[in-house]
Amino acid sequence: MVQDLNGHYKLLLGLSEPWKIETVDLSIVSSEVTITIAYPKGVTVACPGCGTHTSIYDYRKNRSWRHLDTMQFKTIITCATPRSNCDTCGIKTISVPWATKGSGFTLLFEYVAISVIKHTSSITAATKLLGLNWHQIQSIMARAVVRGLEKRDATNTIEYIGIDEKSFLKNHTYISNLYDLDNGRVLDVVEGRKKEHARALLNTIEPELRGEIKAVAMDMWKAFMSASSEILPHALIVHDKYHIKSYLTKAVDTARKREHTLLLRNGTHILTHTKYLWLKNKQNWTEQETIKFKELKSTTLKVSRAWAIKEAFGQFWTYLYPKSAEKFFTKWYFWATHSRIPSIINVAKLLKRHTPGLLAYIIHRITNAVGEGLNSKIQNLKANARGFRNFNNYRTTILFFCGKLELYPQ
Ligand SMILES: [Zn+2]
């Protein structure tokens, strides 16, 4: 019976000769099963450095690994791991077949934990389901990401990438993300949004793949533009249309605030409670907002003109040929710069300075929309905000959920 149980665990853990299960201890009181694994004396070991077979130098003191529960019993594996004695590499602790280096969990446990974390998309839920603390979950995720990055196929060509910045902490800290737009995944994340950070990020792309990149989507952000021109001189810069839309929306809001203040001084309340009307997409208006809009449209309000200019710009993205898009832009630019609305004139001038990156969209039609998907995923995870004070944990989380990595151990 004991032999059967030992054999059962040996099979379960995938142990091969000469590893053997020494004892299986069941403690009813503490609801634990402890499996002791041994590596017999007098057998050779493979040096983890070079693979040469050497004699055993000594044994390390007992260490434990958490394994999958047996029924409801917490299952712990313990082992005194032998150290090799290699002439070339010196004395080294050999690797064990049931766990990766530095992990306190068996591979099978990590496998299940990764599935649980992936499916719950919540670190808090995963801690409860797995009976682990936050740091233990974070360590499993970090190892999974390292494993995934190592296994990532560095020879796969990518034609379209994107780079953008996101706020990380409340005190004006930023991160920059690099996206593979072909496959909708995050390639890497760095802390900061200056040129040197963008450079570091773009340098993570294998040098032999850089020539294959056709275009990079980004905001009209000088640091990113100049880093991209430097590292990917052949790639076109495409300004992200969602960023441009948000500049225009902001300009409309500024126009509303200005005009509202002036009107209030004259005792006119026509713009009261209209903030969201101008910010929302037309199709998301409530019935009341639609009525209000009709009422405002017939007036000569500046904000209504600003809004019309913003809406009209949407047509730019629909052109199929850069020449037609350019023609449209010239007309739109004239209208916008003659609007006598300072916030709109500013954005129009900003767009004018970035015309090449706008027209490049007509050729390549890429955006950083993948970054928005990432935002909503991260939003869910932000419930565990304390962990995100640390940039490395944040990067791990982003790559774990949005990196499309092969996270599981073999
Ligand atoms: Zn060696």
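## A tour from Thr-274 outwards

Start by selecting Thr-274, which is buried, with just 1% relative accessible area. Keep in mind as you go that this is a predicted model. Thr-274 sits in the loop between helix H8 (241–265) and helix H9 (275–279). Now show what is around Thr-274: leaving aside residues up to four places away in sequence, Thr-274 touches Arg-256, Lys-292 and Leu-296.

**Zoom out to the domains**

Colour the chain by its domain assignment: domain 1 is 1–98, domain 2 is 160–240 + 367–402, and domain 3 is 241–364. Notice that domain 2 is written as two stretches, 160–240 and 367–402. Next, look at domains 2 and 3 together. Their C-alpha centres are 28 Å apart, and the contact takes 14 residues from domain 2 and 15 residues from domain 3.

How much area is buried between domain 2 and domain 3? It's about 1300 Å², and carbon and sulfur atoms give 66% of that. Select Met-220, His-239 and Asp-240 on the domain 2 side: these three supply 45% of the area that domain 2 buries against domain 3, more than any other three residues.

While you're here, hunt for the pairings across the boundary. You'll find zero salt bridges between domain 2 and domain 3, but there are seven residue pairs in polar contact, with both residues at pLDDT 80 or more.

Which elements give two or more residues to the side of domain 2 that touches domain 3? Highlight strand E10 (160–169) and strand E14 (236–239). E14 gives the most, with four residues. If you colour that side of domain 2 by residue type, its residues divide into eight nonpolar, two polar and four charged.

**Now for the salt bridges**

The whole structure holds 15 salt bridges, so let's visit a few. Select Asp-164 and Lys-166: they form a salt bridge, and their closest N and O atoms are 3.1 Å apart. Are these two buried or exposed? Both Asp-164 and Lys-166 are buried.

Next, pick Asp-188 and Arg-395, whose side chains meet in a salt bridge at 2.8 Å, N to O. This pair links distant parts of the chain: Asp-188 is in strand E12 (residues 185–191) and Arg-395 is in helix H16 (residues 391–402), 207 residues apart. Try a surface view here. Asp-188 has 10% relative accessibility, so it counts as buried, while Arg-395, at 22%, is partly exposed.

Move on to Glu-289 and Lys-280, another pair of side chains that meet in a salt bridge, with 2.8 Å from N to O. Glu-289 is buried, with a relative accessible area of 16%. Its partner Lys-280 has 26% relative accessibility, so Lys-280 counts as partly exposed. Then select Glu-110, Arg-143 and Arg-147 together, where salt bridges that share partners join the three into one network.

**Last stop: Ser-139**

Finish with Ser-139, which lies in helix H4 (residues 134–151). Is Ser-139 buried or partly exposed? Buried means under 20% relative accessible area. Ser-139 has 26% relative accessibility, so it counts as partly exposed. Now add Lys-245 to your selection and draw a line from C-alpha to C-alpha: Ser-139 and Lys-245 are 40 Å apart in space and 106 residues apart in sequence.

Conventions: Residues are numbered from 1 along each chain as its sequence is written. This is a predicted model: local features need pLDDT of at least 70, side-chain atom pairs count only at pLDDT 80 or more; totals for chains, interfaces and linings use all residues. Side-chain values use heavy atoms; hydrogens and water are left out. Domain bounds come from an automatic or database domain assignment. Contact means heavy atoms within 4.5 Å. Buried area is the accessible area (1.4 Å probe) that two parts lose on being put together, summed over both. A salt bridge is a side-chain nitrogen of Lys or Arg within 4 Å of a carboxyl oxygen of Asp or Glu. A polar contact is a pair of N or O atoms within 3.5 Å; within protein, one must be able to donate a hydrogen and the other to accept it, and residues adjacent in sequence count only if both atoms are side-chain atoms. Ala, Val, Leu, Ile, Met, Phe, Trp, Tyr, Cys and Pro count as nonpolar, Asp, Glu, Lys and Arg as charged, and the others, Gly among them, as polar. Buried means under 20% relative accessible area, exposed over 50%, partly exposed in between (1.4 Å probe, protein chains only).
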